[in-house]
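Dear colleague,

I am handing over the structure we spoke about, with the sequence alongside. Please open both before reading on, since the notes below follow the chain from its confidence values to a few individual residues.

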Amino acid sequence: FKQKTAYEIGVRLVGSEMCIRDRYAARGPDAPTFPWGNTFTEQRVNFCDRNCPLSWADDAADDGVRFLADVFAFESGVSWVGAVNMAGNVWEWTVDWYDENYYAASPTDNPTGPPAIADGAKTVRGGGWSSEWAGVRSAVRVPVRPENGHFDLGLRCVYGADGSTAP
């Protein structure tokens, strides 16, 4: 078994506009710390708690899941528009290239994301089941090179309100 990258399996990433809409669905007009609000609770998100086998696991918390959780396992952690898993469970692969300084100089309205960078990394967001509690925020961004896979990285499948797939 060989892990495939998003490029190898032919996933169509629809551009920075999709990432912007996704982040808005996660944080909304008030931009809370977590999709559900400003207070962390382990019953709203899958993160590295006492069930997690990693050395940084939070032994004082128990979300009830060892690794990857079912998509609807944390219904109390939905965002303001009802979007699930906008933080935790798996890091979300995005179409944007990673530039840690981009948002300091980007437009406030509808930033398009940084340009492609030779030998650069893509941005992943939101934290995963292996993240500490402070890392399962919608605004958390880290770099991952496109050719690399990771055990807690995933893609968001987007459907229209009528059930159609994204353009």
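Confidence comes first, as this is a predicted model: the average pLDDT over the chain is 79, and 80% of the residues reach at least 70. Among the elements of the chain, the lowest mean pLDDT, 63, belongs to helix H1, while the highest, 89, belongs to strand E3, residues 141-144. Over residues 1-17 the pLDDT stays under 50, and for this stretch the model has 23 contacts beyond four places in sequence. Where pLDDT is low, the predicted coordinates should not be read in detail.

Strand E1, which covers residues 91-97, is mostly covered, with 7 of its 7 residues buried. The cover extends to both faces, since Trp91, Trp93, Val95 and Trp97 are buried on one side, and Glu92, Thr94 and Asp96 are buried on the other.

Which strands pair with E1, and in which sense? Strand E2, made of residues 122-125, runs antiparallel to E1 and is joined to it by 3 bridges, whereas strand E4, residues 153-154, pairs with E1 in the parallel sense over 2 bridges. Glu92 takes part on both counts, standing opposite Arg125 in E2 and opposite Gly154 in E4.

Within E2, you may wish to look at Thr123. Its relative accessibility is 2%, and because buried means under 20%, Thr123 counts as buried. Leaving aside neighbours within four places in sequence, Thr123 is in contact with several residues of E1, namely Glu92, Trp93, Thr94, Asp96 and Trp97, and also with Tyr98, Arg141 and Val142. Thr123 and Trp97 are 26 residues apart along the chain, yet their C-alpha atoms are separated by 5.6 Å.

The last point concerns the surface, where Tyr24, Trp80 and Val81 make a nonpolar patch of about 330 Å². Trp80 is placed in the loop between helix H1, residues 16-27, and strand E1. Is Trp80 buried, exposed or in between? Its relative accessibility is 46%, and Trp80 therefore counts as partly exposed, a class that lies between the limits of 20% and 50%. When you look at this patch, please keep in mind that H1 has the lowest mean pLDDT among the elements of the chain.

With best wishes

Conventions
Residues are numbered from 1 along each chain as its sequence is written. This is a predicted model: local features need pLDDT of at least 70, side-chain atom pairs count only at pLDDT 80 or more; totals for chains, interfaces and linings use all residues. Side-chain values use heavy atoms; hydrogens and water are left out. Patches are made of residues with over 30% relative accessible area and no salt bridge: like charges are joined within 9 Å, nonpolar side chains (Val, Leu, Ile, Met, Phe, Trp, Tyr) within 5 Å. Accessible areas come from the Shrake-Rupley method with a 1.4 Å probe; for residues, only the protein chains shown count as cover. A salt bridge is a side-chain nitrogen of Lys or Arg within 4 Å of a carboxyl oxygen of Asp or Glu. Buried means under 20% relative accessible area, exposed over 50%, partly exposed in between (1.4 Å probe, protein chains only). pLDDT is the predictor's confidence in each residue, from 0 to 100. Contact means heavy atoms within 4.5 Å. Two strands pair if DSSP finds at least two bridges between them.
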